[in-house]
Amino acid sequence: MRAMSSNRNIVILTGAGISAESGLKTFRAEDGLWESHPVDQVATPEGFARDPDLVQRFYDERRAQVLAASPNPAHMALGHLDRHFAGELLIVTQNIDDLHERGGASRVLHMHGEALSAWCRACDARHRWTGTLREGPACPACGEVAMRPDIVWFGEMPYRMDEIFDALARADLFVSIGTSGAVYPAAGFVQQAAAHGARTLELNLEESLGSRNFDETRLGPASELVPRWVEEVLGR
């Protein structure tokens with residue numbers, strides 16, 4: 001088995017587990033609840049159509065939580081990897097927070113959208129947004145009152161899937177950090193990468209539903225596992 005430092009093209013998938021140590025609650029879809037709300041009320045287009053005020057208030061609260069959180073050592077370690085790894089690197093995150101970016105990473109793709117972004121349904125513009133959407137602000141680009149959270153809800157297509165699949169096809173190492181292995185299409189990335197010959201590694205607090213699909217699984221807190229793994233990659 002080749003050394004971690006020999007990899008030249010790495011794709012990393014991160015899930016809620018990497019941000020849990022920063023105080024952001026994980027999204028437990030299998031419970032049918034998110035922050036005590038039924039998922040179909042706050043994470044579907046139908047829920048937004050039924051009660052836009054509830055949905056806007058819910059994501060206003062998520063936005064405030066993200067702004068109050070800070071990157072933990074796992075985010076900082078991936079930021080360090082991004083700055084110092086000379087090969088190809090893509091961090092695909094299922095998380096809607098910006099803790100990877102605040103941890104120093106720039107090669108980040110948010111497949112499920114971003115809490116600090118608003119999407120205008122009238123003109124398709126996206127804007128960085130740190131305030132409320134509940135009061136119905138006008139779009140800075142077109143002036144229409146048609147802004148919604150820039151979040152991929154159940155029933156919607158995750159963002160930039162073509163880029164993700166291209167990266168998985170080129171990867172020689174795929175790493176999953178803090179994911180449940182329960183939500184598709186992300187849960188299938190390990191098999192996509194392996195089919196193209198990549199080595200696969202899981203870093204997780206406990207075994208996931210997809211652990212059996214990885215070449216190696218390491219268990220423990222992300223704040224401990226990720227910095228150690230980054231040192232291996234960088235050959236230190």
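This section describes the sheets, two helices, two residue environments and the cysteines of a predicted model.

The six-stranded sheet is open, and its strands pair in parallel in the order β5-β4-β1-β9-β10-β11. Strands β5 and β11 form the edges, each pairing on one side only. Ignoring direction, neighbouring strands in this sheet are turned by 15° against each other on average. Within the sheet, β1 (residues 9-14) and β9 (residues 173-177) are joined in the parallel sense over five bridges. In this pairing Leu-13 stands opposite Ser-176 of β9. Helix α9, comprising residues 222-233, lies across β1, β9, β10 (199-204) and β11. The helix runs at about 150° to β10.

Edge strand β11 covers residues 216-219 and contains Glu-216. This residue counts as partly exposed, because its relative accessibility is 22% and the buried class is limited to values under 20%. The side chain of Glu-216 forms a polar contact of 3.2 Å with the side chain of Arg-199. Glu-216 is separated from Gly-136 by 80 residues in sequence, and the C-alpha atoms of the two residues lie 48 Å apart in space.

A three-stranded open sheet has antiparallel pairing and the order β7-β6-β8. Its edge strands are β7 (126-128) and β8 (147-151), each of which pairs on one side only. From one strand to the next, the twist averages 40°. The antiparallel pairing of β6 with β7 extends over three bridges. Ser-117 has Arg-128 of β7 as its bridge partner.

The loop between β5 (108-110) and β6 (113-120) contains His-112. With a relative accessible area of 16%, His-112 is classed as buried, because that class takes values under 20%. A polar atom of the His-112 side chain lies 3.3 Å from the backbone oxygen of Gln-94. Leaving aside residues up to four places away in sequence, His-112 touches Thr-93, Gln-94, Ile-96, Asp-150, Ile-151, Val-152 and Pro-158.

Helix α4 comprises the 17 residues 52-68. At 1.5 Å a residue, the helix should span 24 Å, and the C-alpha atoms at its ends are 24 Å apart, so the expected span and the model agree. Buried positions in α4 are Leu-54, Val-55, Gln-56, Phe-58, Tyr-59, Asp-60, Arg-62, Arg-63 and Val-66. In general, an α-helix has 3.6 residues a turn, so residues three or four places apart point the same way. Among the buried residues of α4, Leu-54 and Phe-58 are listed together with Arg-62 and Val-66.

The cysteines were examined for disulfides, and the count comes to zero. The closest cysteine sulfur to that of Cys-120 belongs to Cys-142, at 3.7 Å. This separation is too far for a bond, because a disulfide requires two cysteine sulfur atoms within 2.5 Å. Cys-123 is likewise in no disulfide, and its nearest cysteine sulfur, also that of Cys-142, is 3.7 Å away. As for accessibility, Cys-120 is buried at 0% relative accessibility, whereas Cys-123 is partly exposed with a relative accessible area of 33%.

How values were computed. Residues are numbered from 1 along each chain as its sequence is written. This is a predicted model: local features need pLDDT of at least 70, side-chain atom pairs count only at pLDDT 80 or more; totals for chains, interfaces and linings use all residues. Side-chain values use heavy atoms; hydrogens and water are left out. Helices (H or I, at least four residues) and strands (E, at least two) are DSSP runs, numbered from the N terminus. The expected span of a helix is 1.5 Å times one less than its number of residues. Buried means under 20% relative accessible area, exposed over 50%, partly exposed in between (1.4 Å probe, protein chains only). A polar contact is a pair of N or O atoms within 3.5 Å; within protein, one must be able to donate a hydrogen and the other to accept it, and residues adjacent in sequence count only if both atoms are side-chain atoms. Contact means heavy atoms within 4.5 Å. Two strands pair if DSSP finds at least two bridges between them. Axes are lines fitted to C-alpha atoms, for helices over the stretch in contact, and angles run from 0 to 180 degrees between N-to-C directions.
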